[in-house]
Structures are given as C-alpha cells and as structure tokens.
Amino acid sequence: MIIASNFKTNHTRISTKEFLEKIPQTPLQIRIFPPFTTFDNYNLPKNTLLGAQNFYPVENGAFTGEIGKEQLDEFGLNCVLIGHSERRNVLNEAESLIIEKFNFAKKCGWEIIYCVGEPINIREEGEAAVNEYLKKQLEKIDLNYEKLIIAYEPVWAIGTGLSATLEQIKATHSEIKKLSRAPLLYGGSVNVDTILNIVNLNECDGVLIGSASWKIEPFLKMIEIVNNNEKGVI
Ligand code: PGA
C-alpha cells in the first residue's frame with residue numbers, strides 16, 4: 001500500500017526536516033514530495049522515499065529555472081510526479097511535455113507517479129466520457145513500465161474538500177485497471193475521515209494526499225489508520 005504526500009508549495013527546509021523525522025518505520029510505501037529547496041540527504045525509514053514534484057527532462061543545460069537529472073541525482077532522488085493537474089492546468093504544461101517527461105523518467109529508471117483525472121464538465125457528462133478522457137491521457141505512455149504508479153485524481157476533487165464518491169473511484173479504478181496493471185492510487189481531498197474506505201476499495205493500491213498531509217499529525221494518523229487496516233500491506 002502506497003501513501004504519498006504532495007507538499008506542493010508548502011513547507012520550508014526546517015519544517016520539512018521536522019516532518020520527515022517523525023515518519024515511522026512501517027511496512028507501507030511512503031512517498032513525500034516536498035519543494036526542491038528542502039532536498040537534503042535525510043536519514044529516512046525503510047520504504048520511505050523523497051520524490052520530486054517536477055523536473056525538466058534533461059541531464060543539465062540552459063533551461064532557466066528548471067531542475068534536471070543532475071540536480072536530482074545529487075540527492076539520490078529517483079521518484080517523480082508527472083502530470084499533476086496543477087502542472088497541467090495552472091502552469092499550462094502541455095501534454096507533449098508531459099509525455100517527454102515520462103519517457104525521460106522511464107529512461108532514467110525512475111519511479112513515476114503519473115497523475116490523470118477529468119475536469120468537472122467531463123464528469124458531468126457521465127462515466128463513459130470520463131473513461132474516454134482518461135484513456136486519452138494514458139494512451140501515449142508505456143503502461144507496462146514496471147516502475148509506473150498511476151494516480152487517479154479528478155481535477156474537481158483536488159484541494160476542494162470534495163472527494164469523489166467511493167462508487168465513482170471504484171468504477172473509474174476498474175476501467176484504469178483494464179488498461180494497466182500498475183499500482184493505482186486515488187487522490188483528491190483524501191483526509192483522516194475518508195482514507196480507510198478509499199484504501200479498502202478492491203482496486204485501490206494507495207492514496208496521493210495534498211492538503212490533509214501538510215501537517216504531521218493528520219499525516220501520521222492516516223499512516224496509522226492504513227497500517228492497522230487488514231488490507232494494509234501489499
Ligand atoms: P488534495 O490534493 O488532497 O489537497 O486534494 C491532492 C493532490 O493534489 O494530489
């Protein structure tokens with residue numbers, strides 16, 4: 001079971017260090033995506049990895065403001081987020097760059113959490129439209145890549161406090177599982193009250209959490225809930 005936390009543009013070097021020091025050793029696979037400026041050589045529990053929220057698909061070069069492989073290698077980072085809806089929709093990252101990033105990360109052998117999800121107008125059209133939309137988001141990447149993790153994150157559920165229902169997650173997950181056997185996460189307003197039912201869904205292999213994971217107490221609580229759950233270890 002995978003529990004991933006996306007800090008987004010939150011936390012400093014000091015608060016990240018304090019946060020990471022409190023992560024317990026558990027059988028869960030924990031992934032933390034803090035801001036670049038907080039990277040350091042931390043002593044993390046087994047199964048806990050730091051990842052990059054973003055990168056530019058180059059070793060190094062003249063790309064002002066970007067971070068390439070050389071910079072991630074310095075911290076031993078080999079886990080990345082690609083296709084997050086804030087990168088797609090707020091930072092206007094083009095689908096072509098997202099695919100390029102996927103191919104680069106695959107060539108590097110990195111673990112990839114690849115985010116997909118439909119906007120509200122597509123969800124309102126119904127399940128067939130959602131499935132078609134997600135299929136298009138997934139069709140240009142190698143769905144058999146062995147270090148691929150897919151995160152289903154409906155755009156309308158991210159940071160809104162409005163989670164997809166269990167039925168919606170279940171139906172969408174089972175469509176995605178027809179396309180890929182990669183571990184499958186759900187993300188979008190997951191919190192201490194909702195996490196248990198979500199991870200208990202048959203085809204759910206974990207969660208990608210934003211806002212509810214930014215304070216250490218609820219994050220530890222969610223780890224505890226999943227860890228104490230019978231389905232907790234895969
Ligand atoms: P949220 O963010 O938990 O705040 O909805 C999830 C995400 O952006 O991955």
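About 110 Å³ of space lies in the largest cavity of this structure, which is a predicted model. Fifteen residues line this cavity, and those closest to its centre are Lys8, Ile158, Ser189, Ile209 and Gly210. Sorted by class, the lining of the largest cavity comprises five nonpolar, eight polar and two charged residues.

The ligand is found in this largest cavity. Around the ligand stand Lys8, His84, Glu153, Ala157, Ile158, Gly159, Gly188, Ser189, Leu208, Ile209, Gly210 and Ser211, a shell that divides into four nonpolar, six polar and two charged residues. Several polar contacts can be followed from the oxygen atoms of the ligand to the protein. One of these oxygen atoms is 2.6 Å from an N or O atom in the side chain of Glu153, whereas for Gly159 it is a backbone N or O atom that lies 2.6 Å from an oxygen atom of the ligand. Gly210 likewise contributes a backbone N or O atom, which is placed 2.8 Å from a ligand oxygen atom. Taken on its own, the ligand has 280 Å² of accessible area, and the protein covers 100% of it.

How many cavities of 30 Å³ or more does the model contain? The count comes to two, and the second largest of them holds about 50 Å³ of space. The lining of this second largest cavity is made up of Gly83, His84, Ser85, Arg88, Cys115, Val116, Gly117, Gln137, Glu153, Val155 and Ile158, with α3 and β5 (111-116) as the elements that give two or more residues to it. In terms of class, the lining of the second largest cavity has four nonpolar, five polar and two charged residues. His84, Glu153 and Ile158, which are named in this lining, are also among the residues around the ligand.

Beyond the cavities, there is open space to consider. The largest pocket has a volume of about 340 Å³, and of the 14 residues that line it, Lys8, Thr9, Gln53, Asn54 and Arg87 are the closest to its centre. Which helix gives the most to the lining of the largest pocket? It is helix α3 (residues 85-90), with three residues, and α3 is also one of the elements that give two or more residues to the lining of the second largest cavity. The lining of the largest pocket divides by class into six nonpolar, five polar and three charged residues. Lys8, named among the residues closest to the centre of this pocket, is listed as well among those closest to the centre of the largest cavity.

Notes: Residues numbered from 1 in each chain as written. Predicted model: local features only at pLDDT ≥ 70, side-chain atom pairs only at ≥ 80, totals over all residues. Heavy atoms only, no water. Near = heavy atom within 4 Å. Polar contact = N/O pair within 3.5 Å; in protein donor to acceptor, adjacent residues only side chain to side chain. Areas by Shrake-Rupley, 256 points an atom, 1.4 Å probe, with all protein chains shown as cover. 1 Å grid on protein atoms, 1.4 Å probe; cavity = no way out; pocket = protein on both sides within 12 Å on 5 of 7 lines; lining within 4 Å. Sits in = over half its atoms within 2 Å of the grid points. Nonpolar A, V, L, I, M, F, W, Y, C, P; charged D, E, K, R; others polar. Points joined across faces, edges and corners; volume = space filled by probe spheres on them. Helix = DSSP H or I, 4+ residues; strand = E, 2+ residues; numbered from the N terminus.
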